[in-house]
Amino acid sequence: MAEAEDEHWIVRGKCRTVGPDELFVEGAAQNRAKAFCSGCPVHATCLAHALDNRIEHGIWGGMTERERRALLRRRPLVTSWRRLLETARAEYERSADAGESTTDERTHLITSEPMRWSA
Ligand code: SF4
């Protein structure tokens, strides 16, 4: 990903049109917020940003703070979530181009969350 593009990923987020109150919610409202992230064109970048920067509040990349904490505990040796998720995405796109399974199993194993690459 080009540096200039990376700096501006957040303006491409699906949530750019909603207020922060929509994604910084508690309880059952978190499921609605997570669903909102589905299909966001910068879903993986957003999640990686939250994981790499240990952001503790809000829904980022379709994961709650609790889910991110659990993921960080499960994968303590990951030094760059951005690199890991970009690699998974590249492999997914390569396998999709090759006509192999389009199920994103690798990323699912990484995050235990289905990841939808739409960018
Ligand atoms: S994944 Fe969710 S929180 Fe992140 S930019 Fe997209 S809509 Fe916003």
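Reader: Which helices each supply at least two residues of the shell around the ligand?

Author: This is a predicted model, in which local features need pLDDT of at least 70, side-chain atom pairs count only at pLDDT 80 or more, and totals for chains, interfaces and linings use all residues. Residues are numbered from 1 along each chain as its sequence is written. With helices taken as DSSP runs (H or I, at least four residues) numbered from the N terminus, those that each supply at least two shell residues are H2 (29-37) and H3 (43-52).

Reader: On which side or sides of H5 do the buried residues lie?

Author: A residue is buried if 20 or more other C-beta atoms, placed from the backbone, lie within 10 Å of its own, exposed if 12 or fewer, and partly exposed in between. In H5, the buried residues are Trp81, Leu84, Leu85, Ala88, Arg89 and Tyr92. Because they cover an arc of only 130 degrees around the axis, taken from the directions from the helix axis to the C-beta atoms, they lie on the same side of H5.

Reader: Which residues are exposed on the other side of H5?

Author: Helix H5 spans residues 81-97. On its other side, the exposed residues are Arg83, Ala90, Arg94 and Asp97.

Reader: Is glutamate 56 buried or exposed?

Author: Glutamate 56 belongs to the loop between H3 and helix H4 (65-74), and its C-alpha atom is separated by 8.4 Å from that of arginine 66, ten residues apart along the chain. Because glutamate 56 has 9 other C-beta atoms within 10 Å, this residue is exposed.

Terms used:
Expected span 1.5 Å × (residues − 1).
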